[in-house]
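Please look over the structure below before reading on. A short briefing on its features comes after it.

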Amino acid sequence: MIKDNLDNAEKYFHLSPQIKSALLYLKNTDLKNIEVGRHYIDGDNMYVNVDEYETKISDNIEAHKKYIDIQYIISGEEKMGVSALKNLTPITDYDEEKDIIFYNGKADLKLVKENEFIIFYPEDAHLPCQM
């Protein structure tokens, strides 16, 4: 897991061409005026989901096997949890089509503010959208 401000995105370009491309997209796109929904950057290889929601309290920690998940806060703030998969108990089967599995367990909550991002790797189970 990596948490930082988008102003520091260049520090992470070396991690992979895909992470560089995703962070450049976040930096160079007027995200405050983009429509809610899925926006494809590179077909199914890379896309952006833009959501509007009220934060909540949930115990359903999620993880992905296929994708690295970069969560970015356009406005407002929320807490996001993170936990190592080995510390969690699966509560659903892996959905290959949606690339998601849900777990129960404890997650360490991090406050993520406007213009900040978190990169979750497949080994990082995460709990977004928390109050």
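The notes below go through one helix, one pocket and a few single residues.

This is a predicted model. Helix 1 covers residues 17–28, and its buried residues pack against four strands listed below. The second largest pocket holds about 160 Å³ of space. Two residues other than glycine, Asp99 and Asn115, have a positive phi.

**Helix 1**

- Helix 1 has 12 residues, and at 1.5 Å a residue these should span 16 Å. The C-alpha atoms at its ends are 16 Å apart, so the expected and modelled spans agree.
- Ile19, Ala22, Leu23, Tyr25 and Leu26 are the buried residues of helix 1. They sit on the same side of helix 1, because they cover an arc of only 150 degrees around the axis.
- Exposed residues Pro17 and Asn28 are carried on the face of helix 1 turned away from the buried side.
- The packing partners of the buried residues are strand 2 (37–42), strand 3 (46–50), strand 5 (69–72) and strand 10 (116–120).

**Ala9, before helix 1**

- Ala9 belongs to the loop between strand 1 (2–5) and helix 1.
- Its relative accessible area is 0%, so Ala9 is buried.
- Setting aside residues up to four places away in sequence, Ala9 touches Leu23 and Lys27. Leu23 is also one of the buried residues of helix 1.
- From Ala9 to Leu26 there are 17 residues in sequence and 9.4 Å in space, C-alpha to C-alpha.

**The second largest pocket**

- Which residues line the second largest pocket? They are Ile57, Ser58, Asp59, Ile61, Gly105, Lys106, Ala107, Leu109, Leu127, Gln130 and Met131.
- This lining divides into 6 nonpolar, 3 polar and 2 charged residues.

**Residues linked to the pocket lining**

- Ser83 lies in strand 6, which runs over residues 77–84. With a relative accessibility of 9%, Ser83 falls under the 20% cut-off and therefore counts as buried.
- Beyond its neighbours within four places in sequence, Ser83 contacts Leu88, Lys106, Ala107, Glu123, Asp124 and Ala125. Lys106 and Ala107 also appear in the pocket lining.
- Ser83 and Ala107 are separated by 24 residues in sequence, yet their C-alpha atoms are 4.9 Å apart.
- Glu54 is placed in the loop between strand 3 and strand 4 (61–63). Its relative accessibility is 70%, so Glu54 counts as exposed.
- Glu54 and Met131 are 77 residues apart in sequence, while the distance from C-alpha to C-alpha is 8.4 Å. Met131 is among the residues lining the second largest pocket.

**Positive phi values**

- Most residues other than glycine have a negative phi.
- Asp99 is not a glycine, but its phi is positive, at about 50 degrees. Asp99 is found in the loop between strand 7 (89–90) and strand 8 (101–104).
- Is Asp99 buried or exposed? Asp99 is buried, because its relative accessible area is 2%.
- Asn115 has a positive phi near 75 degrees and is also a residue other than glycine. Asn115 is in the loop between strand 9 (108–113) and strand 10.
- The relative accessible area of Asn115 is 21%, so this residue is partly exposed.

Notes
Residues numbered from 1 in each chain as written. Predicted model: local features only at pLDDT ≥ 70, side-chain atom pairs only at ≥ 80, totals over all residues. Heavy atoms only, no water. 1 Å grid on protein atoms, 1.4 Å probe; cavity = no way out; pocket = protein on both sides within 12 Å on 5 of 7 lines; lining within 4 Å. Points joined across faces, edges and corners; volume = space filled by probe spheres on them. Nonpolar A, V, L, I, M, F, W, Y, C, P; charged D, E, K, R; others polar. Helix = DSSP H or I, 4+ residues; strand = E, 2+ residues; numbered from the N terminus. Expected span 1.5 Å × (residues − 1). Buried < 20%, exposed > 50% of the residue type's maximum accessible area, 1.4 Å probe, protein only. Arc of directions from axis to C-beta. Contact = heavy atoms within 4.5 Å.
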